[in-house]
Amino acid sequence: MKKLGIALGGGGAKGVAHVLMLEALEELGWQPHCIAGTSIGAIVGALFASGNSAKAMRADLIGASFTVNGSILDDIFTKDLSRWWDILDLDFSGNGLLDIKDFLARLASKLKVSTFEELAIPLQIVAADFWKREQIVFDSGPLLPAVHASMALPGIFQPVQIDGRVLIDGGVVNPVPFDVLPADCDVVVAIDVIGKRNQNHQNPLPSFNEAIFNTVQIFEKSIVREKLKQRAPTIYIEPDITDIKVLEFFKAGDVFAQAEPAKQKLKTELEKLMG
């Protein structure tokens, strides 16, 4: 059997599409040799590598207590905060807008392991060193702090300190980390969930929130394009996820629907390689 490495990229709520891509592997009976993840890809990758099935993850996402009707930042700036997911709390300490202690506690309970060494599938997690402006790759030691660092979106979540380093979201240095997968992978699959935004022709100028988040995604997409010029993965999948904002996790069902064609494309590509 060929060794498959899969890279799960960053993209906030759009990253729930990773669950479908892992479902494709399950349906084909092909377990990854290793996984690399950035941001939401680190979360999904850690859950899968620790033994959670993609099917179970999809059920959890669909059944989660998302009751919001707009984006979290829209709620924050309109002062209507009571509708947001109960595991995220506002934190005006100056280091980040949201406190995710409850989310991390819930994630830890789902992971069932505390270290990389205990994972059923080897995992690499990408974060960024804020002060040195460089990529950091975790593949050993405590698991939850590495995931936390990888998802520490600047300005939204407080940076994470590990071994004297101040770490933030890995998407700012490596949005789709297929290049950190081990060299012994025969097949490298890269899942890019940065997504797309359509211009509002009636009001083409972006809002404050849109300007901040979409600018970050412009940076990330530029990084991915340059990486693909240098070294292409065996299979590159970019689900056509449109007009889903970074923190709109309540739209998980919409993301699944938009990503379904990409799941089928991945299955087709993998079947060719397996046949």
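Helices (H or I, at least four residues) and strands (E, at least two) are taken here as DSSP runs, numbered from the N terminus. The model is a predicted one, so local features need pLDDT of at least 70 and side-chain atom pairs count only at pLDDT 80 or more, while totals for chains, interfaces and linings use all residues. Residues are numbered from 1 along each chain as its sequence is written, and side-chain values use heavy atoms, with hydrogens and water left out.

On that count, the chain has eight helices and ten strands. Of its 275 residues, 52% are buried, where buried means under 20% relative accessible area, exposed means over 50%, and partly exposed is in between (1.4 Å probe, protein chains only). Contacts (heavy atoms within 4.5 Å) often link distant stretches of sequence: among those with a separation of 6 or more, 73% join residues 24 or more positions apart. About 12,800 Å² of the chain is exposed, with 53% of that supplied by carbon and sulfur atoms; these areas come from the Shrake-Rupley method with a 1.4 Å probe, and for residues only the protein chains shown count as cover.

Strand 5 (residues 123-129) is home to Gln-124, a polar residue by the usual sorting used here (Ala, Val, Leu, Ile, Met, Phe, Trp, Tyr, Cys and Pro are nonpolar, Asp, Glu, Lys and Arg charged, and the others, Gly among them, polar). Gln-124 counts as buried because its relative accessibility is just 9%. Leaving aside residues up to four places away in sequence, Gln-124 touches Cys-34, Ile-35, Ala-36, Gly-37, Val-137, Phe-138, Asp-139, Val-180, Leu-181 and Pro-182. The C-alpha atom of Leu-181 sits 7.3 Å from that of Gln-124, though the two are 57 residues apart along the chain.

Leu-181 turns up again among the contacts of Val-188, along with Gly-5, Phe-178, Pro-233, Thr-234 and Ile-235, again not counting residues up to four places away. Val-188 belongs to strand 9 (residues 187-191) and is buried at 11% relative accessibility. Its C-alpha atom is 9.8 Å from that of Pro-32, 156 residues away along the chain.

Phe-178 is also touched by Lys-227, as are Asn-174, Val-176, Pro-177 and Asp-179, with residues up to four places away left out. Lys-227 is part of helix 7 (residues 208-230) and, at 13% relative accessibility, counts as buried. Its side chain makes a polar contact with the side chain of Asn-174 at 2.4 Å; a polar contact is a pair of N or O atoms within 3.5 Å, where within protein one must be able to donate a hydrogen and the other to accept it, and residues adjacent in sequence count only if both atoms are side-chain atoms.

Helix 6 (residues 143-150) is largely enclosed by the rest of the structure, because six of its eight residues are buried. Those are Leu-143, Ala-146, Val-147, His-148, Ala-149 and Ser-150.

Two loop residues go the other way. Lys-112, in the loop between helix 5 (101-111) and strand 5, is exposed at 65% relative accessibility. Arg-133, in the loop between strand 5 and strand 6 (134-138), is exposed with a relative accessible area of 75%. Most residues other than glycine have a negative phi. Lys-112, however, has a positive phi of about 70 degrees, and phi of Arg-133 is positive too, near 55 degrees.
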